[in-house]
Amino acid sequence: MTEVLLAVGTEKGLFLGRSRDRLNWEFSGPHFPMNAIYSVSVDRRKGRARLLVGADSSHWGPSVWRSDDLGSSWYEPPRPAIRFPEDTGASLTRVWQLQPAGPEAPGVVYAGTEPAALFRSADGGETFSLVQALWDHPQRSQWGAGYGGQGLHTILTDPRDPQRLLVAVSSGGVYRSKDGGDSWEPSNTGLRAEFFPEESQYPEFGQCVHKIAPDPVHPDRLYLQNHGGVYRSDDWGASWRTIVDGLPAEFGFAIAAHPRHGDTAYLFPLGGSGDRIPPDRRCRIFRTEDAGDSWQPLANGLPNEDHYGIVLRDALRTDDADPAGIYFGNRTGDVYGSHDEGDSWALLKSHLPDVLCVRAAVIS
């Protein structure tokens with residue numbers, strides 16, 4: 001029987017849920033109490049499930065921990081896994097993203113940080129080195145910071161070519177590399193920066209991208225939730241077009257793609273940046289099954305009463321079971337899950353601290 005692990009990172013620790021039917025869950029935690037958990041990954045390469053966690057202690061600072069026994073024990077390297085070289089004059093504030101590369105690079109893990117930078121590990125997350133070319137990019141000094149800080153929060157590798165990388169920065173925009181990170185170019189054609197003057201709302205860089213999700217069937221197709229706007233790319237980020245029609249709002253943080261079905265993606269809309277609450281105060285996930293040409297609200301089992309919970313950029317995720325499970329957590333500490341690809345929902349855990357990120361994966 002399939003077993004799924006659900007990792008929920010919160011403002012005050014990590015909670016781990018396990019289930020064999022995705023209806024009944026057993027949770028442990030908090031692991032890393034009083035640490036803010038902004039990033040979690042489940043690396044299932046090399047025949048095991050390795051958990052990598054970016055934990056941020058208000059006392060000891062940020063660190064990367066790992067577990068090879070599904071959270072029964074944790075290991076922290078004796079020296080900081082991620083640190084900026086002294087000549088950068090920067091220090092690590094937060095680990096926003098931990099992303100294993102594909103099977104063609106079994107030891108490679110990427111990390112996105114605040115201040116916005118990309119780090120690469122070749123030993124499964126034991127040590128990381130700064131991707132210098134992105135840090136030295138001449139446009140980097142002009143990147144702004146989103147409301148939550150200047151974070152590199154999205155890292156994608158092209159499954160057809162491990163040398164092709166794509167990252168997103170809030171608020172610097174989308175950048176791509178064709179040579180494994182040795183050089184980078186902005187890739188924001190069609191993305192609007194609504195907070196700029198009207199005559200300059202489509203700049204080369206400076207957009208506040210909130211999250212990007214890759215389509216599992218069409219490798220050139222990406223879905224993007226912007227700070228105002230939902231977009232699709234059919235050329236792996238070279239250009240973008242709006243797919244907001246049919247949604248109740250264009251603002252939001254999170255977007256996720258189905259793990260197997262092409263043209264299928266999920267998001268949690270919010271009112272504009274002035275209120276940041278769900279439209280009509282209703283808790284709803286929206287799903288597209290035609291690559292954004294239309295959207296369907298999914299609310300069966302979700303709260304009907306006034307709802308104010310915000311879903312952050314990494315707090316909406318899918319597992320890779322069949323049918324796929326969809327999960328999200330909000331800033332009111334509730335975690336919801338669907339075992340039938342969003343058709344119905346159940347409350348899995350309530351009264352947690354603010355949920356910052358969610359990850360789910362089949363582990364057996």
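Biologist: In this predicted model, are phenylalanine 328 and tyrosine 336 buried or exposed?

Modeller: The cut-off helps here: a residue counts as buried when its relative accessible area is under 20%. Phenylalanine 328 and tyrosine 336 both fall in that class. So, going by that cut-off, the word for both phenylalanine 328 and tyrosine 336 is buried.

Biologist: And how are the rings of phenylalanine 328 and tyrosine 336 arranged, stacked or edge-to-face?

Modeller: Look at the angle: there are 25 degrees between the planes of phenylalanine 328 and tyrosine 336, with 5.3 Å centre to centre. Planes under 30 degrees apart count as stacked, and over 60 as edge-to-face. That makes phenylalanine 328 and tyrosine 336 an aromatic pair that is stacked.

Biologist: Which residues form one aromatic cluster with Phe328 and Tyr336?

Modeller: Phe328 and Tyr336 belong to a cluster, so we just need its other members, and the rule for pairing rings is centres within 6.5 Å. Besides Phe328 and Tyr336, the names are Phe268 and Trp345.

Biologist: How many aromatic pairs does the count come to?

Modeller: Rings pair when their centres lie within 6.5 Å. Applying that rule here, the count comes to 13 aromatic pairs.

Biologist: What sort of aromatic pair do phenylalanine 84 and phenylalanine 119 form?

Modeller: Their centres are 5.1 Å apart, and the planes make 85 degrees. Phenylalanine 84 sits in the loop between β6 (61–67) and β7 (94–100), while phenylalanine 119 is in strand β9 (residues 117–121), so to speak distant parts of the chain, 35 residues apart. Phenylalanine 84 and phenylalanine 119 are buried, too. Planes over 60 degrees apart get the name we want, and for this pair that is edge-to-face.

Biologist: Which ring does the charged end of arginine 140 sit over?

Modeller: For Arg, CZ has to be within 6 Å of the ring centre, and within 35 degrees of the ring normal. The charged end of arginine 140 is 3.6 Å from the centre of its ring, and that ring belongs to tryptophan 135.

Biologist: How many residues of strand β1 (residues 4–10) are buried?

Modeller: Side chains in a regular strand alternate between the two faces of the sheet. On one side of β1 we have Val4, Leu6, Val8 and Thr10, on the other Leu5, Ala7 and Gly9, and all are buried. The count for β1 is seven of its seven residues.

Biologist: Which strand forms a hairpin with β1?

Modeller: β1 pairs in the antiparallel sense over seven bridges with strand β27 (residues 355–362), and also over seven bridges, antiparallel, with strand β2 (residues 13–19). The hairpin has two residues between its strands, and the partner of β1 in it is β2.

Key
Residues numbered from 1 in each chain as written. Predicted model: local features only at pLDDT ≥ 70, side-chain atom pairs only at ≥ 80, totals over all residues. Heavy atoms only, no water. Phe/Tyr/Trp six-rings, centres within 6.5 Å; stacked < 30°, edge-to-face > 60°. Helix = DSSP H or I, 4+ residues; strand = E, 2+ residues; numbered from the N terminus. Buried < 20%, exposed > 50% of the residue type's maximum accessible area, 1.4 Å probe, protein only. Pairing = 2+ DSSP bridges.
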